[in-house]
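The following exercises concern a predicted model. Each task is followed by a solution that proceeds step by step.

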Amino acid sequence: MHPKDAVGVTQREIEIMDDRKHSVPALSHRGKQPHGLVLVTRIERGDLVLALGGGVVGDNAALMAMGLGAEVSIFDTSIERLRHLSDKYQGRVKCVVSTQDRIQQCLTEADLVIGAVLIPGAAAPKLLTRSMLGQMKPGAVIVDVAIDQG
């Protein structure tokens, strides 16, 4: 499914993935009628994975993607958190100060985008616009783990 097909959907379903090699759980927007399982599969060496948020979810998503050989960029607004992640990964992932422009620059080449931003007690921020989704390459996937928060 192309990410732009997911815009404006009123129903979402969380798919539970089977234990296939390289499969990752995904949040699947599937229109008004639910469809079958969706797998984010075959993350391969050289694929570009963007983690939008450097907290626990973004950090662990980056670790998993890196372990599968992907090129990983973690976006966060906290310089302190980015320094911590940079020290932890010792240059094996790109740590990027998150701005709309920087996200948009990387989005066009991304194979997988993981929305991992959650602000406790507030609605999850909307980091991607409709026009940004339309610029993504065919077959790219978005997984937003905080979508139920706003």
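**Exercise 1. Strand β3 and its neighbours**

Determine which residue of β6 stands opposite A51, and describe how β3 is placed between its partner strands.

*Solution.*
Step 1. Opposite A51 stands I114, a residue of β6.
Step 2. Strand β6 covers residues 112-115, and 4 bridges join β3 to it in a parallel arrangement.
Step 3. Strand β4 (residues 71-76) is also parallel to β3, and 5 bridges connect the two. Within this pairing, L50 has S73 as its bridge partner in β4.
Step 4. The connection from β3 to β4 passes through helix α1 (residues 56-67), and this β-α-β crossover is right-handed.
Step 5. Burial completes the description: 5 of the 5 residues of β3 (residues 48-52) are buried, and the strand is mostly covered. L48, L50 and L52 point one way, whereas V49 and A51 point the other way, and all are buried.

**Exercise 2. The sheet as a whole**

Establish the strand order of the open sheet and identify the strands that stand at the edges.

*Solution.*
Step 1. The open sheet has 5 strands in the order β5-β4-β3-β6-β7, and the pairing is parallel.
Step 2. β5 and β7 (141-144) each have a single partner strand and therefore stand at the edges, with one side of each left without a neighbour in the sheet.
Step 3. On average, neighbouring strands of this sheet are turned by 20° against each other, direction ignored.
Step 4. At the β5 end of the order, β4 and β5 run parallel and are joined by 4 bridges.
Step 5. Two helices may now be placed on the strands. Helix α1 lies across β3, β4 and β6, and runs at about 170° to β4. Helix α3 (residues 100-107) lies across β3, β4, β5 and β6, and runs at about 155° to β3.

**Exercise 3. Surroundings of S73**

Is S73 buried or exposed, and which residues does it contact?

*Solution.*
Step 1. S73 belongs to strand β4.
Step 2. Its relative accessible area is 3%, and because the limit for burial is under 20%, S73 is buried.
Step 3. Beyond its neighbours within four places in sequence, S73 is in contact with L48, V49, L50, A51 and K94.
Step 4. Two of these contacts are also bridge partners of S73: L50 in β3 and K94 in β5.

**Exercise 4. Nonpolar cores**

Identify the residues with the most contacts inside the largest nonpolar core, and state which element gives the most to this core.

*Solution.*
Step 1. The largest nonpolar core has 17 residues, and V49, V72, I74 and Y89 have the most contacts inside it.
Step 2. Two or more residues of this core come from each of β3, α1, β4, α2 and β6.
Step 3. The element that gives the most is α1, with 4 residues.
Step 4. Y89 touches D59, A62, L63, M66 and I74, residues up to four places away in sequence not being counted.
Step 5. Another core lies apart from the largest one; it has 13 residues, including L50, L52, M136 and A140.
Step 6. A general tendency provides the context: in soluble globular proteins, nonpolar side chains tend to be buried together.

**Exercise 5. Helix α2 and the loop that follows**

Characterise the surroundings of R81, and then state what is notable about the backbone of Q90.

*Solution.*
Step 1. R81 is found in helix α2, which spans residues 79-89.
Step 2. With 25% relative accessibility, R81 counts as partly exposed.
Step 3. Neighbours within four places in sequence aside, R81 contacts G54, G55, V56, D59 and D76. R81 and G55 are 26 residues apart along the chain, and their C-alpha atoms are separated by 7.9 Å.
Step 4. Q90 lies in the loop between α2 and β5 (94-97).
Step 5. Most residues other than glycine have a negative phi. Q90 is not a glycine, yet its phi is positive, at about 45°.
Step 6. With a relative accessible area of 67%, Q90 is exposed.

**Exercise 6. Cysteines**

How many disulfides does a search of the whole structure find, and how accessible are C95 and C106?

*Solution.*
Step 1. The search of the whole structure finds 0 disulfides.
Step 2. C95 counts as partly exposed at 27% relative accessibility.
Step 3. C106 likewise counts as partly exposed, at 24% relative accessibility.

Terms used. Residues are numbered from 1 along each chain as its sequence is written. This is a predicted model: local features need pLDDT of at least 70, side-chain atom pairs count only at pLDDT 80 or more; totals for chains, interfaces and linings use all residues. Side-chain values use heavy atoms; hydrogens and water are left out. A disulfide is a pair of cysteine sulfur atoms within 2.5 Å. Buried means under 20% relative accessible area, exposed over 50%, partly exposed in between (1.4 Å probe, protein chains only). Contact means heavy atoms within 4.5 Å. Two strands pair if DSSP finds at least two bridges between them. A crossover is right-handed if, with the strands pointing away from the viewer, the path from the first strand over the helix to the second runs clockwise. A nonpolar core is a set of buried Ala, Val, Leu, Ile, Met, Phe, Trp, Tyr and Cys residues joined through side-chain atoms within 4.5 Å. Axes are lines fitted to C-alpha atoms, for helices over the stretch in contact, and angles run from 0 to 180 degrees between N-to-C directions.
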